[in-house]
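Please look through the sequence and the model displayed below. The paragraphs after them lead through selected parts of the fold.

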Amino acid sequence: MQATRKTPYVCSACRLAKGAVNRRALKQHGDGLRYSTASAQRRPMRLAIIGSGPAGYYTAYRIMKKMPGSYIDMYESLPVPYGLVRFGVAPDHPEVKKSSENLDDVAKWPNFNFIGNVPIGDGPGRLPLRAIAEQYDALLFAYGASKDKTLGIPGEDLHGVASARSFVGWYNGLPEYDDLNPDLQSSDTAVIIGQGNVALDVARTLLAPIKHLQSTDMSEQAIDALSRSRVTNVKIIGRRGPLQAPYTIKELRELMHLPGTGFVPPPEGWDELIRVERKKLPRQLKRISELLEKGSRTEPEQAMKMWQLGFMRSPVEFLSSDGKGLDAIGFERTAYTAEPSSVLEQEDTPTLSGPPAALNALRALGVRSTGEKTLVYASLAFRSVGYKSESLPGFEELGIPFDQKRGTIPNDKFGRVLRPDRDPTVALSAAHLPGMYCAGWVKRGPTGVIASTMDDAFASADTVIMDWESNARFSERGVDAEKGGWDTVKHAVDARGIRSVSWADWGKIDAEERQRGFLKGKVREKMRSVTEMLRFLDA
C-alpha cells in the first residue's frame, strides 16, 4: 500500500493571477493523491467547517480527496458562499474568482452539506456554537477576517473617513455595507492610507473608466455612483518607502496602464526614496523600482485623471473645521531606521530556501518619526491598513482561546487549536484542544493571496486527517460515539426559526443573479441583502 501524500505543496503552475487556482491543475494534483485506507479502522469522521471562503472550501476539497468517506458540513452566516472571493476580490479580477469552482466540485460529493444563513450566536435568529460542536467529531474554523484594523488617531469617525474594507464590500454587494453611500461628489481628491493591494484595488476602482467596470459583477448601485463620481485625483500614502510597501508588481502595473490616467511621481524623487543602486537590488524589487520610475503610459498633460504614491508619511489626525466632515489629514514625516544601501550590503547572501536575505531585509526596513508635520487636503479618505478576525460567540464556553491583539485563534501552526492550561509546574503551558482546528486568516492572520490560503488550508486538512487516522483524541471526554451532524443540528436551527439555505437554494440564487446580469450585459447582478435573497427563495 502506498502512503498517503501529506505535503500541502502545489506547484506554481497551479497559481493564476494573484493566487487564483486553476481548477484543472488542482484536479490533476488531487487525482495524484492516494486515497487513505487507514481510516477504515475508525468510523467515518464528521467535520463541521465554519466559513465558506477559500480556507473553508480548500480544506473541504483536500479532505474529500484524501479521506472520501468523511462527512463535511459547511456553515456560513450569509445565504451565499465563497466569502472573500465573492465580496473581497476586485470585480475586474474574474480570474481570481475562479478558485470558487473548487467549492462547486466539493458540493457534488454526497457526504457534503452547505448550510447558509446560519450566523453563530445566542441571540434571536442565531445558532449557539455548542449546538454545532456537540454533533461533530471536529470543528474547523475558517471564517476569515470580518473587521478592519483602525488607525486609532483623532477624527477617524468623521464623515468622509471610511475603511477600504467597507468600500470594497459596498461595490461587491456585501449586505453589511449596502447602505454605505460613499460621498464621491464633494471633492475631486481622495486619499488612501495604506499601500497594500486592497488600497490599489480601491484606487483603480475610483479611477477606472466606467465602461471598464460595467461588464463585471460590480453592483449596479456602485456603478451608478462611480459614473457620477467627481474624484479624479487619488493619493495613496504609506509610512514607509517604495521598496517596503506591500503592493505587488501586478497591481502597480494595472494602475500604470489605466487608460486616460496619469501617474505623478513623489516630490522627493526616486533616488532620495530608494537610496540603493538599482543594479544591486534583488530582482523583485528591481522590477518594482523600474516600473515606478518608468511611470504610466499616459502623459500627465494628456490625462483625465491622476494618481500619486506618497511615501514616508504616517497619519496622525483627521481634521475638520466643523467637527463633522473631513477637511484635511495631518501626517508626520518618517525616516529610515537604517540606510537602505547598508542593509543591502549586510544581507547580500541568499537563504537556503525562498528569496534572498537582502529582499527580506529591505522589505522589513523600519522607519522612525522625524516630528515634521504635513497636511493633505481632502474630504474623502479611506484607511487600508489591514483586516482583522474576531472571536465567535461561544468560544469561551467551549474553552476556545482567541488572541485579541493578533486577531487569530492560537494554534500550533499546523491548524490544531491550542488551549492555555494552568499547570503547577510551569507558569503557563499549552495543550491541544481536542477536535478543534483552524485554517486561513483566522489561523495565521490576514496575509497572503488566495494561493497562500490554499496551501495553509491543505496543511490544516492534512493535520485533521493525520489525527483522525492515528486515533487521536477528538473529544474532551475521549468518547468516540457516533455524531448526528447536520441531521441533528437542523432540528435546533428549525426550533430557532432560522431559514437555512442549502446548496440547491444557492443554485437558485446563482441562476437568478446570472440571469439578471445577462439582461444588463454583465457577468451577474448580485442580490445585495439577506432579505432579498430569502424573499426570492420563498416566493
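**Two helices and a set of strands**

Helix 20 and helix 21 are roughly perpendicular to each other, a label given to angles of 65 to 115 degrees, whereas angles under 35 degrees count as roughly parallel, over 145 as roughly antiparallel and the rest as oblique. This is a predicted model, in which local features need pLDDT of at least 70 and side-chain atom pairs count only at pLDDT 80 or more, while totals for chains, interfaces and linings use all residues. Residues are numbered from 1 along each chain as its sequence is written, and side-chain values use heavy atoms, with hydrogens and water left out.

Helix 20 covers residues 503-519 and helix 21 residues 530-538; their axes come within 10 Å and cross at roughly 105°. Such axes are lines fitted to C-alpha atoms, for helices over the stretch in contact, and the angles run from 0 to 180 degrees between N-to-C directions. Helices (H or I, at least four residues) and strands (E, at least two) are DSSP runs, numbered from the N terminus. On the side of helix 20, Asp 505, Lys 508, Ile 509, Glu 512 and Arg 516 meet Glu 532, Met 533, Phe 536 and Leu 537 of helix 21, where contact means heavy atoms within 4.5 Å.

The next region is built from strands. Strand 12 (residues 328-336) is mostly covered, with eight of its nine residues buried; buried means under 20% relative accessible area, exposed over 50%, and partly exposed in between (1.4 Å probe, protein chains only). Strand 12 runs antiparallel to strand 11 (residues 313-319), and six bridges join the two; two strands pair if DSSP finds at least two bridges between them. One of these partnerships links Leu 319 with Ala 328 in strand 12. Strand 12 is also antiparallel to strand 13 (residues 367-377), through eight bridges, and Glu 332 has Lys 373 of strand 13 as its bridge partner.

Two residues other than glycine have a positive phi. Met 312, with a phi of about 60°, lies in the loop between strand 10 (305-310) and strand 11, and counts as buried at 8% relative accessibility. Arg 275, whose phi is near 60°, belongs to the loop between helix 12 (270-274) and helix 13 (283-294); Arg 275 is partly exposed, with a relative accessible area of 32%.

Finally, Arg 46 lies over the face of Tyr 71, at 4.3 Å from the ring centre. A charge sits over a ring if NZ of Lys or CZ of Arg is within 6 Å of the ring centre and within 35 degrees of the ring normal.
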